[in-house]
Amino acid sequence: MNNLISPNHVIKSGLCIGCGSCVAQQNEGAKMAFDSFGQLIPTGSPQWLGRPSAALSQTCPFSPHAPHEDQLSAINFPESRHFSPLIGRYEQAYVGYSNQVDIRSNGSSGGMVSWIANTLLDLGLIDGVAHVVPASAPSQGQPLFHYRISRTQEELQEGAKSRYYPTDLSQILQLITATPGKYAVVGIPCFIKAVQLLRNTDPIFKERIRYTLGLFCGHMKSSKMVESFALQSGIPFQNVATLDFRAKQSGRPANLYFAKFSLKNGQNREYNWELLADGDWGAGFFMNSACNFCDDVVSETADISFGDAWIEPYASDDQGTNVVIVRSKGLLEILKNGIQTHKLELKEVNAAFVQQTQDAGLRHRREGLSFRLSAFPPKLALTKRVAPAYDRIPISKRISYRLRYLISFWSHRVFWLATKVGQPLLYVLWAKIIGKIYHQLIYHRNLFATLILGFKAALMAMGTNLLFSLAIIKMNTVPEQQHDPLETHLVIRALVYPFLFSLILTPLFIFLKKRNQHTRYFKGIAVLLLCTIFIVELLIRSNFLLTVPYSIYALTSIVFLNFFLKKPVS
């Protein structure tokens with residue numbers, strides 16, 4: 001294997017997701033720790049961090065040498081009944097929930113993750129479940145959540161709910177290595193991929209990790225998001241004991257997120273995400289930089305994966321509803337038995353349904369990824385299932401993808417700087433401003449895209465006209481003349497006509513397009529405007545030959561506008 005990678009290669013490329021797989025495989029004192037942006041990264045001796053290794057190259061989920069999700073799934077699930085380019089290999093997909101009220105009400109969605117984990121324990125198929133739980137008594141600077149192995153249903157319930165907070169697998173993987181037994185691991189797509197890569201290269205993990213339970217994922221947040229939420233809620237962060245990111249309440253739709261703070265004094269406070277400056281998940285505030293280069297939304301390498309059904313009538317159900325994708329034949333039989341015994345309320349669905357429930361995330365991770373690979377390529381070459389693209393992506397979508405990338409990049413840095421100077425509310429002000437800009441651009445992105453195309457058409461026409469005018473001037477230059485007014489007129493009109501036509505025709509195009517009349521009337525109005533310019537110039541100059549180049553300038557402007565405005569913007 002050529003060009004082996006080291007931990008530093010991954011960290012400095014912005015591709016470390018903080019899974020802890022590299023730390024779990026070493027015995028040189030390395031550990032996972034928060035960086036200044038609240039993201040978990042491996043820390044250790046300079047020698048270990050800088051040493052390329054075959055083990056890391058084969059098992060890091062963002063290594064260019066590791067198999068991608070399709071290849072890994074083909075190894076682990078070679079006989080799958082179905083395949084979809086967007087959700088991978090699978091046996092069956094469902095939408096529904098657990099009929100056990102306590103399990104469903106205690107989860108963020110339909111309770112399916114807890115039900116499967118409990119059932120695997122009940123059947124004796126596993127001895128413990130590695131999953132994320134709140135820290136029992138977090139001190140200042142310590143994480144609010146961490147991985148733990150739960151061995152009873154009571155312990156499992158402590159880990160129900162979604163945790164939008166960085167955690168790592170390093171200690172739990174080391175514990176599994178040291179403790180014989182049968183385990184299931186719950187995790188987001190990149191963590192599950194890391195586990196599967198370890199299982200395929202290390203016989204201990206292969207024998208002991210019997211099941212992987214994957215979670216659908218939009219992206220990983222940094223720990224600073226919780227600090228920002230507390231700041232905007234008027235809660236000193238040091239008083240926070242834990243946080244329920246998606247508190248349920250009867251009558252409140254599941255897709256309306258409320259953050260519920262549990263304070264160290266025993267009090268609870270709830271706040272609507274929508275009222276927070278950085279509460280719009282899709283805008284990308286505090287996104288881990290590696291998430292910009294991930295193409296797996298639905299945990300394609302997991303034995304079974306779970307997400308939210310973000311379409312109606314499920315999205316507004318106050319108790320939450322799961323989408324479930326099953327890849328393990330054994331787990332499929334467990335689900336079928338749960339349906340037959342009325343413990344589960346599940347309905348079979350196809351890949352198109354699953355894709356519809358995750359439409360925005362899949363678009364951002366596939367089309368958006370192809371844009372980011374082209375516009376912001378990482379330093380470490382990646383093996384992805386989408387190719388870099390730029391011109392093939394409509395301009396309005398490029399606006400969205402670029403702005404989300406910039407928000408994810410700058411939110412970390414602005415929060416760090418505002419905190420460093422002792423004025424954290426400066427970050428809140430910035431987030432409100434950039435959030436407003438983001439929403440306006442997203443809502444009116446087709447309008448902005450059309451204006452940009454009109455501006456590009458004007459620039460191209462100006463350049464073409466200037467070249468044409470310079471050719472005319474060169475042909476008509478008389479050596480003894482110091483200055484010919486014709487030259488000034490030519491240059492002025494070469495620049496003014498494109499700007500004028502763009503100023504008039506671009507808004508007109510937008511107006512007509514809203515009424516679906518742009519194909520009928522736009523060219524006619526443009527020709528009418530061209531004829532008007534020709535007549536006006538002829539009247540002013542009283543010289544047909546001088547009027548011809550001016551008309552050519554106007555015609556050039558119309559040709560470029562027609563070319564650019566015909567391009568798709570969405």
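1. In this predicted model, β10 pairs with strand β11 (residues 258–263) in the antiparallel sense, over four bridges. One residue to check by eye is V240: its bridge partner in β11 is L263.

2. The sheet holding this pair is open and has three strands, in the order β10-β11-β12. Pairing is antiparallel. β10 (240–244) and β12 (268–272) are the edge strands; each has a single partner, so one side of each lacks a neighbour in the sheet. Neighbouring strands are turned against each other by 25° on average, direction ignored.

3. Helix α12 (residues 224–232) packs on this sheet. The helix touches β10 and β11, and its direction makes about 85° with that of β11.

4. Next, a helix pair. The axes of α15 (residues 359–375) and α16 come within 10 Å and cross at roughly 80°. The two helices are therefore roughly perpendicular to each other. From α15, the residues that meet α16 are R363, H364, E367, G368, F371, R372 and A375. On the α16 side they face K397, R398, Y401, R402, R404 and Y405.

5. R398 deserves a separate look. It sits in helix α16 (residues 395–420). R398 is buried, yet has no salt bridge. What is the nearest side chain of opposite charge to R398? It is D391, 4.7 Å away. The salt-bridge cut-off is 4 Å, so that pair does not count as one.

6. Contacts of R398, leaving aside residues up to four places away in sequence, are F371, Y390, D391 and I393. F371 is also among the α15 residues that meet α16.

Technical notes
Residues are numbered from 1 along each chain as its sequence is written. This is a predicted model: local features need pLDDT of at least 70, side-chain atom pairs count only at pLDDT 80 or more; totals for chains, interfaces and linings use all residues. Side-chain values use heavy atoms; hydrogens and water are left out. Two strands pair if DSSP finds at least two bridges between them. Axes are lines fitted to C-alpha atoms, for helices over the stretch in contact, and angles run from 0 to 180 degrees between N-to-C directions. Contact means heavy atoms within 4.5 Å. Buried means under 20% relative accessible area, exposed over 50%, partly exposed in between (1.4 Å probe, protein chains only). Lys and Arg count as positive and Asp and Glu as negative; His and the chain ends are not counted. Angles under 35 degrees count as roughly parallel, over 145 as roughly antiparallel, 65 to 115 as roughly perpendicular and the rest as oblique.
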